[in-house]
Protein chains: 2
Amino acid sequence: IAKEVAKLLEMKAQLGADEGKHKFVLKTPKGTRDFGPKEMAIRERAFKAIVSCFKRHGAEVIDTPVFELKETLTGKYGEDSKLIYDLKDQGGELLSLRYDLTVPFARYLAMNKITNIKRYHIAKVYRRDNPAMTRGRYREFYQCDFDIAGQFDPMIPDAECLKIVHEILSDLQLGDFIIKVNDRRILDGMFAVCGVPDSKFRIICSSVDKLDKVPWEEVRSEMVGEKGLSPEAADRIGEYVQLHGGLDLIERLCQDPKLSQNKLAKEGLGDMNLLFEYLTVFGITGKISFDLSLARGLDYYTGVIFEAVLLQQENEHVEEPVSVGSVAGGGRYDGLVGMFDPKGRKVPCVGVSIGVERIFSILEQRLEASGGKIRTTETQVLVASAQKKLLEERLKLISELWDAGIKAEMLYKKNPKLLNQLQYCEDTGIPLVAIVGEQELKDGVVKLRIVATREEVNVRRESLVEEIRIRTREC
Amino acid sequence: IAKEVAKLLEMKAQLGADEGKHKFVLKTPKGTRDFGPKEMAIRERAFKAIVSCFKRHGAEVIDTPVFELKETLTGKYGEDSKLIYDLKDQGGELLSLRYDLTVPFARYLAMNKITNIKRYHIAKVYRRDNPAMTRGRYREFYQCDFDIAGQFDPMIPDAECLKIVHEILSDLQLGDFIIKVNDRRILDGMFAVCGVPDSKFRIICSSVDKLDKVPWEEVRSEMVGEKGLSPEAADRIGEYVQLHGGLDLIERLCQDPKLSQNKLAKEGLGDMNLLFEYLTVFGITGKISFDLSLARGLDYYTGVIFEAVLLQQENEHVEEPVSVGSVAGGGRYDGLVGMFDPKGRKVPCVGVSIGVERIFSILEQRLEASGGKIRTTETQVLVASAQKKLLEERLKLISELWDAGIKAEMLYKKNPKLLNQLQYCEDTGIPLVAIVGEQELKDGVVKLRIVATREEVNVRRESLVEEIRIRTREC
């Protein structure tokens, strides 16, 4: 028995020790990820294309804090408000992480009494959503927003936003895409003529928003079952939301006996007509689809709304290309700034947000598939030596190169082997090696080796900077 | 009486209405700020200088989430841990906003088993500190970090970090500066020979850290009063911490009868000697001061530490220039990655963090003082018209320009006045105006106006892009 007891006591002690050991999990928070050097190289390439488009359209840039007063975000996101990250109450103000860049932008306009601006903002936003990281859906993700605020003639800024989406998606060469367009006024008019009570407009709108993911039958049963809409009204909606087309459809709906009697729908259709006129001048109607099933989730839209989706032609025999998900979206929100202004003064706004995480995913998969290598530094030259005791000479040379603006590295070893130094260049893609040796120092030259060709030339020390510049001009 | 009651009831109703009104405060959270277009232009200028230095030294770039698991940050910051922002427990993991970029970097290395990397990271960090925004101290602020991780020969990466600080501060032309250098091993050795008990090393180190802000007498009374150090030990420390100098001081301390007997101090002094050797090769010892009062607040440093301060010569008659505060700091932290590794494997690291908010403040004040204008867009040309009914022609031309990569804007009006269009260019610094008119359209030309000189030339439509490129080459 004593033996058994001892055994049990030992086991208990072991368990205790295990429990006491700190069970630290080495990970990033759920739904987030690190960007390593390779992912950053891809990310910076995508940002460059997006920023250069925003600048081409004359946008200024702003930045706002990552958190806002909690009440700044309250009442702006409808059903999605539950996804907002709150900070712990540690005394002082109650704060929340920003959920998008649009509400902080509206707060910024109201706070600074700005009535007229065209700006872009690229920053991370936060949503406690179910992450699907392989498809580029994260809890922390970048948005790239471009917005035009101000009282202008109708549809000119709206058309520019669509032009921007078209330019960016074309420039990034992500494959074929389509930009769906609709208008909240047309939707509301449609709801009215279908017999949806005013009080149910927003929740029925949320249901319609799901049509890109679930079939009509499911959406219909949600409308009738959960949201208490009459089956007749739902069926009437069902007929409208399957419509999509171009100018022809707009004209047809203008003749629609019910819609044409509704003031909101008429306004929306009139503006849609004007929008298509401008898009025709821009030559981009080929990628635009006026689509009555597009609803967009957010509460604050008041006019034109749009969403760009990539089309995947996996199988040539499939009749219609499959949508692989939204990569950009936006719309007009004329009431949001007024919600912040103490006197309710409105500043009409329209804007677009590029869903860049999904774009990163596509670019990453493509690079992976092509087996292509991507450089993660811009180093032009490695300062090396073939003999021992030349550390100070290497430090002296690299310091000269840095001061002349040359991107240079060296191995942090007193006496590195030449082979290791050359291998480092192969691994990291450094195109040149500047080799110092006893003889070269005496002769006042540096041996410059071109990694790709293994060619070596002696360059006079005073010409080295110029020689490196010439040989890496394309870098 | 009925009248009085009615009056009272009315007053009550009024009060109720007032209380019901939402008392919303339109502001950013305490200690944070928006960056408007002008501040962003300055910020991007500073970042450009910093990033180009980091790239010149061959660094890769990474990014990590804005929040970490709470326990990732636990036990890394000593007394300052109370300044960490926690997120609210909304179910799931407990999270905190990052306090610096160094701990997330160490977590990243351990998690990905990286033993060798040179990377930079520019991102916002969060501290619930008392903000002093006019002096550039915020609760949300940028850090620009450059770190070298790996097992290398002593002091080579450490010297490069100091070279980087020297390059960036020189490049930004912030005025005269000095980089104070010390070593945690020298400090610990000094504490030991002064009679500080081992258990008090870190808290006495925190006291020494305050010497740049408060006089010795105060620090001494904190050591003796609050931290229970003997007056004799404090006085011995007082003698050491007033020492600063260069190679001469290092040599003197190597001969110091007490310090030279301490193993840690000896190691530290030996490495300090080597560091100064390399800094001499780099030619930057003129700005380096070996300073025994430098302690740095953070717990995780294990070797060399340094801090750069700007010197302000406000009054020529003052003998010594006044320090206006730290703009960069860093040091060696060889144990931090091991704290995350399940097997405690160490990865030696050394790094530097540029305190860019203070740099923004200085650059902003300087621009303000000079009354200089700063452009907030890069727009090359405004597409304008002098007559009515030319909106579609303007849209057509601007679309051609965008597609050719020209940065172009137009006013979002159907029929804007030419004067307003020219005024817009004056206000925003757009150098060129492309004017379409009936006659020009007939002739196949566009009238190009140079805003600065008011010169106007007719350019053939097919040469317009090239002409704009030539005339804005310096933009």
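A surface patch is built from residues with over 30% relative accessible area and no salt bridge, where like charges are joined within 9 Å and nonpolar side chains (Val, Leu, Ile, Met, Phe, Trp, Tyr) within 5 Å; a salt bridge is a side-chain nitrogen of Lys or Arg within 4 Å of a carboxyl oxygen of Asp or Glu. The model is predicted, with local features needing pLDDT of at least 70 and side-chain atom pairs counting only at pLDDT 80 or more, while totals for chains, interfaces and linings use all residues. Residues are numbered from 1 along each chain as its sequence is written, chains are lettered from A in the order in which they are written, and side-chain values use heavy atoms, without hydrogens and water.

**Exercise 1.** Identify which residues join I1(A) in a nonpolar surface patch, and state where I1(A) lies.

Solution. I1(A) belongs to the segment before α1 (2-20) of chain A, helices being DSSP runs of H or I with at least four residues and strands runs of E with at least two. Its relative accessible area is 85%, so I1(A) is exposed (exposed is over 50%, buried under 20%, partly exposed in between, with a 1.4 Å probe and protein chains only). The patch consists of I1(A), V5(A) and L9(A), with about 350 Å² of accessible area together, by the Shrake-Rupley method.

**Exercise 2.** Compare the expected and actual spans of helix α2 of chain B, and decide whether the helix is largely enclosed or not.

Solution. The expected span is 1.5 Å times one less than the number of residues, so the 20 residues of α2(B), residues 37-56, should span 28 Å, and the end C-alpha atoms are indeed 28 Å apart. Because 14 of the 20 residues are buried, α2(B) is largely enclosed by the rest of the structure. Just after this helix, G58(B) takes a positive phi of about 75 degrees.

**Exercise 3.** Determine what rotation superposes chain B on chain A.

Solution. Superposing by least squares on the C-alpha atoms of residues with pLDDT of at least 70 in both copies gives a rotation of 180 degrees with 0.1 Å of shift along its axis, at an RMSD of 0.6 Å. That is the relation of a two-fold axis. The same surface serves both copies, since 100% of the contact residues of chain B recur in chain A, contact meaning heavy atoms within 4.5 Å.

**Exercise 4.** Describe the place and backbone of K113(A).

Solution. K113(A) sits in the loop between α4 (102-111) and β4 (117-126) of chain A. Although not a glycine, K113(A) has a positive phi of about 50 degrees, and at 63% relative accessibility it counts as exposed.

Definitions and conventions:
Accessible areas come from the Shrake-Rupley method with a 1.4 Å probe; for residues, only the protein chains shown count as cover.
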